[in-house]
Amino acid sequence: MADRLAFIGDIHADSFRLSTLLGNLGNRRLVFLGDYIDHGPNSREVIEVLLEITNLDPNPIFLSGNHELGLLAFLSGRLSFLEYAWMGGLSTIRSYVGKANEDVRSELVAAMPSPHFEFLSSCEPFFETGQLVACHAGINPVCPESRELPEIVLGRHPSLFQNDLRFSKLVICGHYLQATQTPFVGDGVICLNTGCGTIGGPLTALLYPEMTFLQA
Amino acid sequence: MFTAEQVRELLAVIRPPFTALFLYGSHARGDAEEASDVDVLQVTPTHTAPYVVGRINVTCYTFEQLLRLARSGGLFARHLVEEALALADPQDVLGSLKSAYVVPLGYDGVKEEVCDCAPLLDVAEPQFIENVEGLNSLVSYLIRTYLYAAAFDQGARSFAMGHVLDVLGQRRAKIALSNVRSQRNFQAFAVARALFEELTGATCERLEGSLEAFIVNASAHNNLAMILGLRLLARGRPFTYDALQDVEF
């Protein structure tokens, strides 16, 4: 069963689609590609749902997206309110503090339950097997061996979407919005960000090794 | 009307990429005065922050955003479909917007949105001095938008401010807007703000203890207040999506 995987694309605070999709995935190891929060209305609920499934057997893998790192950076004062707001963080702040009064950062720090903070801090940068590598932003085609955060979580590599790219392993990522609301399937790259929580698109899972898609 | 030379100068300040460029506002209508800004719409492939170069204000929207505005009958979409002049439009974006544009039943929604922005103007003189340009632009924008909405509800036919003020019988607003632009001091701003309160019936008092808190709360129900608030905070600095790249993790 541990060999049967489901990779789940960007959720962006749509807890309804997340719960629906989880109900249809069956018994397999779940690998979440990051961007659980921001833009959509229910960041707090999404983290609650993900916390509820952390003890599944086999353990799900939670990867970091740039939005999780953005929230952590805002909480610690390394990202400004303005920068986090531009990332789509206002809805996340509202989902935790309800009504803001004055010092937004302090109010968010106070309102966020410890398990949520620990969850965000414990997300992994990538998941790799002999056949595939999964990470939020994909690998940099110029230096495909790099597993550094700026490359595989925060980076932008639009050249991944050239159809003739081939790597030694299949690359599975989210991050890059597919305006068609369908996953991108290239020769060596699959992208699962189909607009959930941002443009009203579905949440997409890739079932592996079957290589079929499921959407909610 | 713009000469070929002026168009070349305009194109020289545009920061690519773009899929289409339009002139709108007084220069497109041909009723610009010497001090009038030049309003340009840049259609971009991805979300891009607006920017200003001298007197040229460049507003950036994606085609999808513009289509949504056209379908919802927004004021900006009306502005474009009635007045915009194409500087570059190889894919006929303007034609698509004209086809998609839906005439709204009225502009009460716009007026309500503008009224909800009133607390953004709740500043004392020291704060005003820190962001003269941003606050003057904001009070002018809010007054003008409210006047456009009110005038179109009363049968106005053009975005020319003179015509709008005639329809509403609001010559005082012209003086207030002109003083904001020419005097650039807190007194002119305060007069314009008082006029805004009088026109709209809104109160500029902010209940939250910070602009950030107001933006958070407003973002739940008013996109306009959120965006204008963020622009106010940004004070003209361009937004960079790569801010996270500079953070140590």
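How many residue pairs are in polar contact between chain B and chain A, with both at pLDDT 80 or more? The count is 4. Keep in mind throughout that this is a predicted model.

Let me stay with that interface. Looking for salt bridges across chain B and chain A, the rule finds 0. As for area, the two chains bury about 2,300 Å² between them. Of that area, 71% lies on carbon and sulfur atoms. Counting residues, chain B brings 24 to the contact and chain A brings 27.

Now the chain B side of this contact. Two helices of chain B, H12 (211–218) and H13 (223–234), each supply at least two residues of the side that touches chain A. Which element gives the most there? That is H12(B), with 5 residues. Sorted by class, the side of chain B that touches chain A has 14 nonpolar residues, along with 5 polar and 5 charged ones.

Next, one residue from the stretch linking those two helices. B:Asn222 sits in the loop between H12 and H13 of chain B. Is B:Asn222 buried or exposed? Its relative accessibility is 0%, and the cut-off for buried is under 20%, so B:Asn222 counts as buried. Its side chain reaches the backbone nitrogen of B:Ala225, at 3.0 Å. If we leave out residues up to four places away in sequence, B:Asn222 touches B:Glu113, B:Asp116 and B:Cys117. If you have the structure open, B:Asn222 can be found in that loop, with B:Ala225 as the partner of its side chain.

Now over to chain A as a whole. Chain A has 8 helices and 10 strands. Its C-alpha trace spans about 50 × 35 × 30 Å along the principal axes. What radius of gyration would a compact globule with 216 residues have? The value would be near 17 Å, and chain A has 17 Å, so the two agree.

Two more values for chain A. Buried residues make up 56% of its 216 residues. Then there are the contacts in chain A with a separation of 6 or more: residues 24 or more positions apart account for 59% of them.

To go back over the main points: the interface of chain B and chain A has 4 residue pairs in polar contact, both at pLDDT 80 or more, and 0 salt bridges by the rule. On the chain B side, H12(B) gives the most, and in the loop after that helix, before H13, is B:Asn222, which counts as buried.

Methods:
Residues numbered from 1 in each chain as written. Chains lettered and ligands numbered in written order. Predicted model: local features only at pLDDT ≥ 70, side-chain atom pairs only at ≥ 80, totals over all residues. Heavy atoms only, no water. Contact = heavy atoms within 4.5 Å. Buried area = accessible area lost by both parts, 1.4 Å probe. Salt bridge = Lys/Arg side-chain N within 4 Å of Asp/Glu carboxyl O. Polar contact = N/O pair within 3.5 Å; in protein donor to acceptor, adjacent residues only side chain to side chain. Helix = DSSP H or I, 4+ residues; strand = E, 2+ residues; numbered from the N terminus. Nonpolar A, V, L, I, M, F, W, Y, C, P; charged D, E, K, R; others polar. Rg over C-alpha atoms; globule rule 2.2 N^0.38 Å. Buried < 20%, exposed > 50% of the residue type's maximum accessible area, 1.4 Å probe, protein only.
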